[in-house]
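Here is a quick walk through one model, written for someone who likes to see the geometry spelled out. Have the viewer open while you read.

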Amino acid sequence: MNTEQVKAKHSISSLFIFLLIAIYTVFVLLLVLISVGAYRNRADDARNTAQIRTSLGYIANKVRAADQVGGVSIVEWQGFEALLIREWHDGAEYHTRIYATNGGLYEHFVFAGDELALEKSLRIADIAALDMQKENGLLSLLLHTETGQALPLHIRLHASIR
């Protein structure tokens, strides 16, 4: 075998190894990119679910704290169906309205005689819709997420069954 044939074989085997390493590197990079995308989606879903569940817990605690005769009702307010929570502090009445519009869950808290602008409401979470029903002392909320998930919340109002 002459030296030119050995160099040609060596060049071909070196090229083959280089191509093999390059292909491996491309596949590893693709796998990393796919994994990062999947992780990011999963983290976003977990964050949104936690935000929704926290919002439902917040609503449940607000309702339970105001569970007294006339403390919790569902009303029509500025064109929205709203959960009205009445609270009394130091002889003054305060209203908290929780409603859904424009892809969000909102809370509107005011002194009973005041009517703040709708824009002053606090956005609690991103949701698609909120269905509310109060019947025989049971408050039922069905929160629809942006991903199509429906999360129920049922609260027995003890003051209304006395």
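What follows goes from the overall layout to the strands, the turns and a patch on the surface.

**Overall layout**

First things first: this is a predicted model. The protein has 1 helix and 8 strands, and along the sequence they come in the pattern α-β-β-β-β-β-β-β-β. Of the 162 residues, 30% are buried. The exposed area comes to about 10800 Å², with carbon and sulfur atoms supplying 60% of it. As for contacts between residues at least 6 apart in sequence, 31% of them join residues at least 24 apart.

**Strands β2, β3 and β4**

Start with β3, which covers residues 92-101. How much of strand β3 is buried? The count is 7 of its 10 residues, so the strand is largely enclosed by the rest of the structure. For this count, a residue is buried if its relative accessible area is under 20%.

β3 has a partner in β2 (residues 80-89), and 8 bridges join the two in antiparallel fashion. If you want a spot to check the register, Ala 82 stands opposite Tyr 99 in β3. β3 also pairs with β4 (residues 104-111), again in the antiparallel sense and over 8 bridges. Here the register can be read from Ile 98, whose bridge partner in β4 is Glu 107.

Both pairings are hairpins. β2 and β3 have 2 residues between them, and β3 and β4 likewise have 2 residues between them.

**The sheet of β6, β7 and β8**

Further along the chain is an open sheet of 3 strands, ordered β6-β7-β8 and paired antiparallel. Its edges are β6 (129-135) and β8 (150-156), each of which pairs on one side only. On average, neighbouring strands in this sheet are turned by 15° against each other, direction ignored.

β6 and β7 (residues 138-144) run antiparallel and are joined by 7 bridges. To place the register, look for Ala 129, which sits opposite His 144 in β7.

**Positive phi in the turns**

Most residues other than glycine have a negative phi. That makes a few loop residues worth a look. Which turn residue between β3 and β4 has a positive phi? It is Asn 102, at about 50°. Asp 90 also has a positive phi of about 50° although it is not a glycine, and it lies in the loop between β2 and β3. Asn 136, in the loop between β6 and β7, has a positive phi near 50° as well.

Is Asp 90 buried or exposed? It counts as exposed because its relative accessibility is 85%, and the cut-off for exposed is over 50%. Asn 136 passes that cut-off too, so it is exposed.

The accessibility values for three residues of this model are collected here.

| Residue | Relative accessibility | Class |
|---|---|---|
| Asp 90 | 85% | exposed |
| Asn 136 | 68% | exposed |
| Ile 23 | 46% | partly exposed |

**A nonpolar patch**

The last row of the table leads to the helix. Ile 23 is found in helix α1, which spans residues 3-65. At 46% relative accessibility, Ile 23 counts as partly exposed because the value falls between the 20% and 50% cut-offs.

Which residues make the nonpolar surface patch? Ile 23 is one of them, together with Val 26, Phe 27, Leu 30, Leu 33 and Ile 34, and the patch has an area of about 620 Å².

Definitions and conventions: Residues are numbered from 1 along each chain as its sequence is written. This is a predicted model: local features need pLDDT of at least 70, side-chain atom pairs count only at pLDDT 80 or more; totals for chains, interfaces and linings use all residues. Side-chain values use heavy atoms; hydrogens and water are left out. Two strands pair if DSSP finds at least two bridges between them. Helices (H or I, at least four residues) and strands (E, at least two) are DSSP runs, numbered from the N terminus. Axes are lines fitted to C-alpha atoms, for helices over the stretch in contact, and angles run from 0 to 180 degrees between N-to-C directions. Patches are made of residues with over 30% relative accessible area and no salt bridge: like charges are joined within 9 Å, nonpolar side chains (Val, Leu, Ile, Met, Phe, Trp, Tyr) within 5 Å. Accessible areas come from the Shrake-Rupley method with a 1.4 Å probe; for residues, only the protein chains shown count as cover. A salt bridge is a side-chain nitrogen of Lys or Arg within 4 Å of a carboxyl oxygen of Asp or Glu. Buried means under 20% relative accessible area, exposed over 50%, partly exposed in between (1.4 Å probe, protein chains only). Contact means heavy atoms within 4.5 Å.
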